[in-house]
Amino acid sequence: MFYLEVVMRLYTPLDTRQALDRLLDDPVIAGAVTARRTLAGRPADMVPFPDWLQPRLRKALVGRGLTGLYRHQADAMEALRAGRDVAVVTPTASGKSLCYHLPVLQSVMEDPAARALYLFPTKALSQDQLAEIRDLARRADLPLEAAVYDGDTPAPIRSSIRSAGQIVVTNPDMLHGAILPYHTKWFQLFEQLRYIVIDEAHTYRGVFGSHVANVLRRLARVCAHYGSTPRIVCCSATIGNPRQLAEALTGRSIQVLDRNGAPSGEKHIVVLRPPLLDERSGVRAGSSGLARRAALSFLRAGRQTIVFGRSRVAVELLLSGLREALRDGRGPFERVQGYRGGYLPSERRRIEAGLRSGEVLGVVSTNALELGIDIGRLDVAVLSGYPGTIAGTWQQIGRAGRRQEVSAAVLVAGAGPVDQYVASHPEHLFEGTPEEARIDPDNLHVLLAHLRAATFELPFASGERFGLAPADDLLAFLAEDGHVRQAQDRRWYWASENFPASEISLRVAAPENVVIIDTGGERPRVLGEVDLFSARTLVHENAIYLHGSRQFHVDRLDWEERKAYVRPIDVEHYTQAELAVTLKPLETFDEAPLAGGTRAHGEVMVASLATIYKKLRLETNENLGWGRIHLPEIELHTTAYWLSLEPKVASDWTRTELDVALVGAGRVMQTVASILLMSDPRDLGMVAQIRSPHAERPVIYLYEAVPGGVGMAVRLFQRHGELVEGARQLVASCPCEDGCPACTGPRGETGGNGRILAERLLRLLHGDGEMGSRAA
């Protein structure tokens with residue numbers, strides 16, 4: 001009888017607010033709270049259907065229970081009808097897809113020959129939106145030829161899509177390698193193309209975004225060749241520079257639409273920071289323990305819950321832990337499912353349908369469910385670890401919250417420095433300026449690669465622009481290698497037998513890549529590519545390589561053949577390689593004085609040698625061992641931002657103190673820079689020199705780990721104050737004594753007093769001297 005009473009108490013149905021209150025009464029949870037915020041609900045801002053909307057479309061919307069449009073949907077339709085290109089920037093599940101579905105269907109109803117091209121970053125999202133627009137067309141009694149064209153599309157269907165597809169749903173990789181080079185087979189699409197849809201535009205950042213911008217330049221050339229001028233619809237999560245990103249991606253003037261008209265219920269958000277395991281070293285517990293505890297509490301209250309893990313291993317560990325706890329308590333363990341890459345499409349569709357119907361009570365997922373796949377609106381979102389960006393965090397939080405009902409979200413910080421910064425500075429999440437998505441389409445490595453592909457597709461007229469300037473000089477450079485030639489008509493033609501698009505990976509910047517080959521299946525398959533510079537730290541022998549949240553062990557790296565051979569593995573650690581780096585400034589683009597020195601940005605040459613790798617535990621970043629790396633030194637020309645100290649200021653420090661302060665401050669700035677710029681911490685390298693051989697003074701360099709850079713260095717120069725003050729706050733609020741993995745690095749790596757010395761240096765570097773800057 002006692003056991004039954006305990007079980008009944010554990011599984012008492014509660015509403016979301018009651019379930020949250022019960023969770024916060026738990027002493028373990030209460031002691032970990034660093035922030036609790038309540039976001040007020042908001043009623044819908046509705047607009048009547050426009051008079052010009054096709055009656056059958058109006059009928060389809062009414063059949064879905066809609067009596068009008070949200071404000072941002074109506075704004076998008078009116079702007080597009082007026083001939084403008086738009087970027088819709090509203091939260092997750094606010095109905096952004098109708099902003100492009102309705103104009104596209106309206107166009108097809110008015111002219112069945114009209115065509116539209118949809119670009120999505122993932123296959124799952126492509127399939128989801130295809131189902132959505134087919135449902136709308138069916139409700140509107142509109143015969144519609146819409147199909148996904150990706151690597152899984154059977155060959156017999158491809159020809160019919162090319163000739164008859166009114167809506168072609170694809171991804172940037174297929175557009176780059178399988179559509180644009182064969183544009184003569186797609187003339188029906190390009191002649192009648194009315195709309196280009198670029199969904200989840202905030203995911204196109206860094207090197208990938210720089211490549212996608214050049215693919216879109218090539219698309220614009222092909223459209224112009226066939227006489228079409230399609231309107232562009234970008235959709236994005238909330239970021240700090242939506243117009244700048246959309247215009248850099250498309251090369252067009254873009255109207256930003258951000259008046260969100262979708263309703264929302266009251267939302268409670270809690271940020272948790274796991275407890276210290278060792279006060280002296282600053283090592284903390286990982287996120288999974290508290291995330292499991294929080295999710296379990298909501299599931300026992302009957303609240304439909306999604307739990308986000310950051311890797312495949314984390315998802316499986318959380319899933320098995322939740323199921324085991326529910327099974328022991330006679331709970332609904334069979335109604336808790338996993339969701340990640342590697343599951344069969346049919347399995348993922350079943351789970352998605354179960355979430356929409358309520359049959360599935362809980363799901364543990366990687367960020368595969370972060371993007372706009374339709375899973376209904378859940379009661380609770382639990383984030384096991386900071387997703388890496390504010391935009392990604394709000395997208396995951398946005399998965400909870402039915403239209404006008406109360407919802408809850410719990411963010412559990414991991415043990416890493418970025419997580420700890422967010423946990424100790426939750427105002428960055430709630431009140432801070434959203435981070436920026438930066439791209440540089442004119443990165444010379446990226447631009448040249450796509451110029452070759454564009455010349456293969458169509459010849460260039462003399463003086464024709466590709467990007468910001470006429471392409472003649474760059475084409476003349478390519479002609480020196482025999483890839484292109486200028487004919488008597490002054491036009492530039494492709495002159496090589498090579499197929500240039502096949503040599504370009506959209507996810508790396510270097511012309512030379514290392515191909516990653518998975519040997520774990522029945523026969524080897526190509527898993528992906530990494531650029532030569534990153535290969536030494538990501539796919540050296542015995543590295544743990546992460547691909548799509550799945551772990552692979554690198555058995556062999558054939559450096560000469562540029563091939564890495566890997567196999568799937570499940571382990572509870574990851575690897576981190578160390579580089580011995582020398583850095584030489586080549587040109588200063590801009591500089592400005594500081595109270596105790598100078599800040600600058602410019603071009604640098606980085607020579608680096610991979611030396612050792614460390615095995616770090618996933619949950620705590622605890623060092624489990626190390627190994628040597630045997631690879632040659634290579635050079636990288638890129639851009640950097642740097643801070644230098646005046647010699648008279650440096651003289652106030654001992655050499656040992658200054659060395660510790662430079663390394664510690666550099667590591668913290670590297671952490672905060674990744675938050676400000678919406679980038680992976682590995683996208684920036686750090687070099688601290690106690691006496692730079694070039695400046696003859698102490699210098700901290702943050703360099704872009706991409707050939708030529710993608711514009712991050714100049715933004716760090718411009719946002720110097722935010723960067724250094726954020727770094728100072730991070731070390732000031734850290735409870736460790738001498739430095740830890742969450743701030744300046746483990747004490748054994750930085751030396752004693754690392755945290756205090758880094759804070760002292762950062763306080764010095766924060767103030768500007770004579771304001772302004774000069775061009776070098």
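These exercises, each with a worked solution, treat a predicted model of one protein.

Local features need pLDDT of at least 70 and side-chain atom pairs count only at pLDDT 80 or more, while totals for chains, interfaces and linings use all residues. Residues are numbered from 1 along each chain as its sequence is written, and side-chain values use heavy atoms, with hydrogens and water left out.

**Exercise 1. The whole protein**

State how many helices and strands the protein has, and find why it counts as being as compact as a globular protein of its length.

Solution.
- Step 1. Helices (H or I, at least four residues) and strands (E, at least two) are DSSP runs, numbered from the N terminus. The protein has 27 helices and 32 strands.
- Step 2. The radius of gyration is taken over C-alpha atoms, and the globule rule is 2.2 Å times the number of residues to the power 0.38. For 776 residues the rule gives 28 Å, and the radius of gyration of the protein is 27 Å, close to that value, so the protein is as compact as a globular protein of that length.
- Step 3. Along the principal axes, the C-alpha atoms fill a box of roughly 90 × 75 × 55 Å.

**Exercise 2. Surface, contacts and charge**

Give the buried share of the residues, the share of contacts that join residues at least 24 apart, the exposed area, and the distance between the centres of the two charge sets.

Solution.
- Step 1. Buried means under 20% relative accessible area, exposed over 50%, and partly exposed in between (1.4 Å probe, protein chains only). Of the 776 residues, 57% count as buried.
- Step 2. A contact means heavy atoms within 4.5 Å. Take the contacts between residues at least 6 apart in sequence: 72% of these join residues at least 24 apart.
- Step 3. Accessible areas come from the Shrake-Rupley method with a 1.4 Å probe; for residues, only the protein chains shown count as cover. The protein exposes about 31300 Å², and carbon and sulfur atoms supply 50% of it.
- Step 4. Lys and Arg count as positive and Asp and Glu as negative, with His and the chain ends not counted. The place of a charge is NZ of Lys, CZ of Arg, CG of Asp or CD of Glu. There are 89 positive and 92 negative side chains, and the centres of the two sets lie 4 Å apart.

**Exercise 3. Three residues and their burial**

For Val 271, His 573 and Ser 505, find the element or loop, decide whether each is buried or exposed, and name residues that each touches. Residues up to four places away in sequence are left out of the contacts.

Solution.
- Step 1. Val 271 is in strand β11, residues 267-272. Val 271 is buried because its relative accessible area is 1%. Among the residues Val 271 touches are Ala 32, Val 33, Leu 411 and Phe 430.
- Step 2. His 573 lies in strand β26, residues 573-593. With 16% relative accessibility, His 573 also counts as buried. The contacts of His 573 include Ile 544, Gln 551, Lys 615 and Leu 624.
- Step 3. Ser 505 is in the loop between β20 and β21 (513-518). Its relative accessibility is 15%, so Ser 505 counts as buried. Ser 505 touches His 211, Asn 513 and Glu 529.

**Exercise 4. The loop between β30 and β31**

Describe Arg 691 and Glu 696, and say how the side chain of Arg 691 meets Glu 696.

Solution.
- Step 1. Arg 691 lies in the loop between β30 and β31, and Glu 696 is in the loop between β30 (684-689) and β31 (699-704).
- Step 2. Arg 691 is exposed because its relative accessible area is 56%.
- Step 3. Not counting residues up to four places away in sequence, Arg 691 touches Glu 696, Arg 697 and Pro 698.
- Step 4. A polar contact is a pair of N or O atoms within 3.5 Å; within protein, one must be able to donate a hydrogen and the other to accept it, and residues adjacent in sequence count only if both atoms are side-chain atoms. A polar atom of the Arg 691 side chain lies 3.5 Å from the backbone oxygen of Glu 696.
- Step 5. Most residues other than glycine have a negative phi. Phi of Glu 696 is positive, near 55 degrees.

**Exercise 5. The end of a strand**

Locate Asp 558 and list its contacts.

Solution.
- Step 1. Asp 558 is found in strand β24, residues 550-558.
- Step 2. Asp 558 touches Lys 563 and Tyr 565, leaving aside residues up to four places away in sequence.
- Step 3. The Asp 558 side chain reaches the backbone nitrogen of Glu 560 at 3.4 Å.
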